[in-house]
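Here's a quick tour for anyone meeting this model for the first time. Have a look at it, then read on about its cores and one helix pair.

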Amino acid sequence: MDDDALIAAMAGGDDTALRVLFSRHAPWLAARLRAVLPAADVEDVLQETFLGAWRGAGRYRREGAGGWLWGIARRQAALWLRRRGRPETVLATLEEQPDPIDAALSRVELAGAVETLGPQGSPQRETWRLMYEEDRTVAEVAKLMGVPAGTVKSRAHQIRRLLRAALQGGGAQ
């Protein structure tokens with residue numbers, strides 16, 4: 001059973017799903033938490049994390065179980081540290097710590113999704129590059145591409161729709 005199915009089962013009250021999810025994710029979560037928490041506190045924060053996951057399973061939106069669990073763990077660790085009067089700099093470090101695995105997966109997924117826009121140099125791909133990679137305004141893109149601003153806006157809307165569909169696994173809609 002994949003993580004999304006386990007979380008759905010948890011939302012339905014399946015405590016076996018919670019145990020399986022815990023066994024899959026607790027080791028790497030504990031390793032990350034040890035970077036900012038005293039070792040004696042890691043197990044308590046893990047328990048609070050999975051209790052939070054149990055309570056919040058019905059609100060899970062299939063955005064990636066690892067990132068979702070890490071978000072809960074970060075919040076639980078921050079609460080734990082605040083209750084113990086830890087310095088705010090440790091809290092800030094913990095709250096801003098990105099998940100490198102999720103970031104890498106997101107980059108790979110996005111690169112694959114961008115391929116759905118057509119070959120490099122195509123109008124959609126070029127619009128994507130200028131607007132989202134070079135962070136240019138609609139007016140700048142329109143001028144560079146020699147098209148009206150409305151065309152750029154229309155392409156940007158279509159690009160977002162295509163990328164959303166590709167990232168959700170639904171293909172072009």
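## The cores and a helix crossing

The largest nonpolar core holds 27 residues, and Leu-33, Leu-37 and Leu-46 have the most contacts inside it. (A nonpolar core is a set of buried Ala, Val, Leu, Ile, Met, Phe, Trp, Tyr and Cys residues joined through side-chain atoms within 4.5 Å; buried means under 20% relative accessible area with a 1.4 Å probe, protein chains only.) The table lists the elements that give two or more residues to this core.

| Element | Residues |
|---|---|
| helix H1 | 3–11 |
| helix H2 | 15–33 |
| helix H3 | 39–56 |
| helix H4 | 65–83 |

Helices here are DSSP runs (H or I, at least four residues), numbered from the N terminus. H4 chips in the largest share of the core, nine residues.

This is a predicted model, so local features need pLDDT of at least 70 and side-chain atom pairs count only at pLDDT 80 or more, while totals for chains, interfaces and linings use all residues. Residues are numbered from 1 along each chain as its sequence is written, and side-chain values use heavy atoms, leaving out hydrogens and water.

Which residues does Leu-46 touch, not counting those up to four places away in sequence? They're Ala-26, Leu-29, Ala-30 and Leu-33, with contact meaning heavy atoms within 4.5 Å. There's also a second, separate core of seven residues, including Ala-113 and Leu-162.

Now for H2 and H4: their axes (lines fitted to C-alpha atoms over the stretch in contact, with angles from 0 to 180 degrees between N-to-C directions) come within 11 Å and cross at roughly 50 degrees. That makes H2 oblique to H4, the label for angles that aren't under 35, over 145 or 65 to 115 degrees. Among the residues making the contact are Trp-28 of H2 and Trp-70 of H4.

Definitions and conventions. Buried < 20%, exposed > 50% of the residue type's maximum accessible area, 1.4 Å probe, protein only.
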